[in-house]
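Reader: I should like to learn how salt bridges and nonpolar cores are read from a set of coordinates. Please take the charged pairs before the cores.

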Amino acid sequence: MSVADSVTELLGPVIETLGVELIDVEWVGSSLRVVVDEGEGISTDRLTAVNRLISPILDQHDPVPGRYTLEVSSPGVERKLTRPLHYTRAIGEDVVVKLEPGNEPRRIKGRLISFDPENELLAVDAVELDGVDLASPETREIPLADIAKARTVFSWGPTPKQGGKPGSKKAAAKKAAAKNAAANNAPANNDVDVAPAVKKSKAKQHPELDEPPISQTTNQSSKRSEASRHE
């Protein structure tokens, strides 16, 4: 059993006692990432509660070899789909599905419209196949066994058009100020500037889905020396 599977089996039932769902466990290098969620999104306080709950359990059972960093976080606006429950939760969302070699097409992008857990079969209204846009959506049924990778896709909307040459806004503002000053018989202010547009971060747009990791600390069990681990 892999480290991720061992941690999932160990922590899943425990995390559920808080009314929180264990979404995924990732073991990469020396980092253990535990992804959790609840309802319409999980708060920082709830992430902290999960961290405090699972840390001593990981210390006691020691399912992770050597030293490691524990990170407890929310799924974010785009998330991997690795289990049947993930597909059920993602119905109605845009997804990208990459199939195992031997399947054609290999990459399907579209709206996940259904998932049959009994037959492990999902249906996607595809709008793009292998990077080529379709004239109209095509429904594709995909067996779960044929999927190599899958994730949700969040669309931030169309990219705003560029507004002419650099400095054009500033020049326009000065021109407007001069025109208003002349109309009011007042001296023009040639130092008028335009405040740069503030781009909202993803976290501000979706705070409940894109919380920062709550823990980046070395797990207590990792502080033991190699000698003590073999006593």
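**Charged pairs and nonpolar cores**

Author: Let us begin with one pair: Glu78 and Arg151 form a salt bridge in which the closest N and O atoms are 3.3 Å apart. This pair links distant parts of the chain, with Glu78 in the loop between E3 and helix H3 (84-89) and Arg151 in strand E8 (residues 147-152), 73 residues apart. The model is a predicted one.

Reader: What is the general idea behind such a pair?

Author: Side chains of opposite charge can pair when their charged atoms come close. In this structure there are 12 salt bridges.

Reader: Is Glu78 buried or exposed? And what is the relative accessible area of Arg151?

Author: Glu78 is partly exposed, since its relative accessible area is 37%. Arg151 is likewise partly exposed, at 35%.

Reader: Which residue meets Glu93 in a salt bridge?

Author: The partner of Glu93 is Arg79, with an N to O distance of 2.6 Å. Here too distant parts of the chain are linked: Glu93 is in the loop between H3 and strand E4 (94-99), and Arg79 is in the loop between E3 and H3, 14 residues apart. Glu93 counts as partly exposed at 24% relative accessibility. Arg79, with a relative accessible area of 17%, is buried, because the cut-off for that class is under 20%.

Reader: Where in the chain do Arg111 and Asp94 lie?

Author: The side chains of Arg111 and Asp94 meet in a salt bridge at 2.7 Å, N to O. Arg111 belongs to strand E5 (residues 107-116) and Asp94 to strand E4, so the pair ties together parts that are 17 residues apart in sequence. Arg111 is partly exposed at 39% relative accessibility, and Asp94 is partly exposed at 27%.

Reader: Which residues are joined into one network by salt bridges that share partners?

Author: Asp24, Glu26, Arg33, Glu71 and Lys80 form that network.

Reader: Let us turn to the cores. Which residues of the largest nonpolar core touch the most other members?

Author: They are Ile15, Leu32, Val34 and Val36, in a core of 21 residues. Two or more residues are given to this core by each of helix H1 (3-16), strand E1 (21-28), strand E2 (31-37), helix H2 (44-61) and strand E3 (69-73). A second, separate core has 17 residues, among them Leu81, Tyr87, Leu112 and Ile147.

Reader: With which residues is Leu32 in contact, leaving aside its neighbours within four places in sequence?

Author: The contacts of Leu32 beyond those neighbours include Val7, Val25, Trp27, Leu58, Val64, Tyr68 and Leu70. Glu26, Thr69 and Glu71 are also in contact with Leu32.

How values were computed
Residues numbered from 1 in each chain as written. Predicted model: local features only at pLDDT ≥ 70, side-chain atom pairs only at ≥ 80, totals over all residues. Heavy atoms only, no water. Core = buried A, V, L, I, M, F, W, Y, C linked by side-chain atoms within 4.5 Å. Buried < 20%, exposed > 50% of the residue type's maximum accessible area, 1.4 Å probe, protein only. Helix = DSSP H or I, 4+ residues; strand = E, 2+ residues; numbered from the N terminus. Contact = heavy atoms within 4.5 Å. Salt bridge = Lys/Arg side-chain N within 4 Å of Asp/Glu carboxyl O.
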